[in-house]
Amino acid sequence: MNILLLRSFVVYICVYSNCLFVCLLAMAHIQQINKLRHLNALIHSDVITGANTSFNTRPLEQMVFSVKDNFAVKGRRMTCASAFLSEFKPIYTSTVVARVLDAGGFLIGHCNMDEFAMGVSNTYSHFGACYNPWGEVAG
């Protein structure tokens, strides 16, 4: 069974019934990212989780998400798809990312985008164009 094809509510039920372990889910996503690296969709990928210190259910528990590379995550590289910010590491986490992490989600990486989000075609990135998986056409 390919766990990446499961709907999010099924994954949620499986995680809470101990049928699916979160580490397996994260590994499946990372394997898929590495397999599709040629599409250039992610600038960098690493797993960041919202630590759950209690057994309370949170609304987005163990749901995978990614953000564009202009959302700050403390201590993680944020380039805004520009060579100018290639080594910038923010000292804070943006509110939207912090809220999703607090709700139980886990960040899988930063998505490619036009430099400084100044475009709509995803072709003007320092890291190269992003490709469509269904047609391999840039933009």
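The largest pocket of this predicted model holds about 380 Å³ of space. Its lining is made up of 15 residues, and Q32, I33, L36, L39 and A41 are the ones that lie nearest the centre. Sorted by class, that lining comes out as 11 nonpolar residues, three polar ones and one charged one. As for secondary structure, the most generous contributor is helix α2, which spans residues 22–35 and puts three residues into the lining of the largest pocket. Spaces of this sort come to light when a probe the size of a water molecule is rolled over the atoms.

Stepping back to the whole chain, there are three helices and three strands to keep track of. Followed along the sequence, they come in the order α-α-β-β-α-β. The chain has 139 residues, and 37% of them are buried.

The later part of that pattern is worth a closer look. Strand β2 (residues 64–68) runs parallel to strand β3, and five bridges link the pair. One spot to look for on screen is V67, whose bridge partner in β3 is H110. Helix α3, covering residues 95–102, joins these two strands in a β-α-β unit, and the unit is right-handed. As a general point, side chains in a regular strand alternate between the two faces of the sheet. Strand β3 itself, residues 106–111, is mostly covered, with six of its six residues counted as buried.

That brings up C111, which falls within the residue range of β3. C111 has a relative accessible area of 17%, so it sits on the buried side of the 20% cut-off. C130 is buried too, because its relative accessibility is 13%, again under 20%. With two buried cysteines in view, what is the count of disulfides? The count is zero. C111 takes part in no disulfide, and the nearest cysteine sulfur, belonging to C130, is 8.0 Å away. Seen from the other end, the closest cysteine sulfur to that of C130 is in C111, and 8.0 Å is too far for a bond, because a disulfide needs the two sulfur atoms to be within 2.5 Å. Both C111 and C130 are therefore buried cysteines, with their sulfurs too far apart for a bond.

Conventions. Residues are numbered from 1 along each chain as its sequence is written. This is a predicted model: local features need pLDDT of at least 70, side-chain atom pairs count only at pLDDT 80 or more; totals for chains, interfaces and linings use all residues. Side-chain values use heavy atoms; hydrogens and water are left out. On a 1 Å grid over the protein atoms alone, a cavity is a set of points where a 1.4 Å probe fits but cannot get out, and a pocket is an open set with protein on both sides within 12 Å along at least five of seven lines; lining residues have an atom within 4 Å of a point. Grid points are joined across faces, edges and corners, and a volume is the space filled by probe spheres set on the points. Helices (H or I, at least four residues) and strands (E, at least two) are DSSP runs, numbered from the N terminus. Ala, Val, Leu, Ile, Met, Phe, Trp, Tyr, Cys and Pro count as nonpolar, Asp, Glu, Lys and Arg as charged, and the others, Gly among them, as polar. Buried means under 20% relative accessible area, exposed over 50%, partly exposed in between (1.4 Å probe, protein chains only). Two strands pair if DSSP finds at least two bridges between them. A crossover is right-handed if, with the strands pointing away from the viewer, the path from the first strand over the helix to the second runs clockwise.
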